[in-house]
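This report looks at two parts of one chain, a strand with its partners and a helix with its surroundings. Please keep the structure in view while reading.

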Amino acid sequence: MRLALALGRRNLGRTWPNPSVGAVVVAPETGTILSAAVTAPGGRPHAETQALAQAGAAARGATLYVTLEPCSHHGRTPPCSEAIIAAGIGRVVSALEDPDPRVAGRGHGLLRAAGVTVETGLCREEAARDHRGHVTRVTLGRPMLHLKLARTRDGFAAGAGTERLRITGPVADGAVHLWRAHADAILVGIGTARADDPSLTVRLPGLAARSPLRIVLDSDLHLSPASVLARTARDVPVLVLTTRSAPVHARRALESLGVEVLPVATGAQGLIDLPAALAVLGERGLTRLCSEGGPRLAESLAQADLIDAVTLLTGPTTAGPEGGLPAIGPVLASRIAAFATAEDLVLGQDRAVTYERSV
């Protein structure tokens, strides 16, 4: 099962709207691994059908380890549960039941009705963490949101002046790029987009193709057509969420560069309604959203109770005696206090601590 989980993690960020599932077929008597697979990019073919095809006739009577309940509904392809039965698998060990209403125990039920031995719950907590994006989308109608914030040792995200702070070092920066590679999309607010003019791509050797969808929250369409995001939209997709009152000329200018502009519901003070925005992303099939915006967006997301995990990257430097912009607002601080510590990493001179809402 740990091999299946490791395989599933490989394609996180590449399979939406489907979950990235790992599957391993094992010979019943010898324990020999007959085949192993992960959900393909784009979500198909599923891991189970690939693993069964690789195993061929040897799958008859074998055990299938899978990180999520095999599907039981007809979509663009037949259900995996039917393929498992047809292959003659004798036993299925499933880490987690799929809460998708189209499945929700039916996959396991079909297998049992066909005489397949079904065991569930092995490595459940790890599987629940890996599949959190899928679970959040099918139960809450939105992607899971992982907030990442960098701060100085004294707790600031920016200095008091106009000069930008260099907070984290190369090891932590590399980790951030790897996290991006496992996200369906990166989210920032227009403040970060204008102040930093980021590319939000994956810049690790060999992983450029893993750059996810880039999303900007921009209520009044202030994103410049000259920005890096706008100029590279035909290379790596950019989605700008805005309000219906945003200027038409600004929308046309961005769209002419390949930027997708999508109006969503308006909330307080004429700004984008964040729950509505994430619901739109959920409808599109996004499951794993990484927020790399600043403290203002982080606090707004916390106020809307939309944060599922927080990673705080703390660098060794300080903002100095004049202080600056605090990285963590009061509402976010209360959310973090209620979360459990999931990971604590030392990344060069930096420290990255991840806190998660209970699964």
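## Strand β10 and helix α6

Strand β9 (residues 213-217) and β10 run parallel and are joined by four bridges. The model shown here is predicted.

One pairing between these two strands is that of L217, whose bridge partner in β10 is L241. Strand β10 is also joined to β11 (residues 260-263), again by four bridges and in parallel. Here V240 stands opposite V261 in β11. The table lists the two strand pairs.

| Strand pair | Bridges | Direction | A facing pair of residues |
|---|---|---|---|
| β9 and β10 | four bridges | parallel | L217 and L241 |
| β10 and β11 | four bridges | parallel | V240 and V261 |

Helix α10 (residues 248-255) belongs with β10 and β11: together they make a β-α-β unit, which is right-handed.

Is β10 enclosed or open? Five of the five residues of β10 (residues 238-242) are buried, so the strand is largely enclosed by the rest of the structure. V238, V240 and T242 point one way from the strand. L239 and L241 point the other way, and these side chains are buried as well.

Helix α6 (residues 132-140) is the second part. Its buried residues are R132, G133, H134, T136 and R137. What do the buried residues of α6 pack against? Their partners are the helices α5 (124-130) and α11 (274-283), together with the strands β6 (144-151), β12 (288-291) and β16 (350-356). Just after α6 comes G141, which takes a positive phi of about 75°.

Technical notes: Residues are numbered from 1 along each chain as its sequence is written. This is a predicted model: local features need pLDDT of at least 70, side-chain atom pairs count only at pLDDT 80 or more; totals for chains, interfaces and linings use all residues. Side-chain values use heavy atoms; hydrogens and water are left out. Buried means under 20% relative accessible area, exposed over 50%, partly exposed in between (1.4 Å probe, protein chains only). Contact means heavy atoms within 4.5 Å. Two strands pair if DSSP finds at least two bridges between them. A crossover is right-handed if, with the strands pointing away from the viewer, the path from the first strand over the helix to the second runs clockwise.
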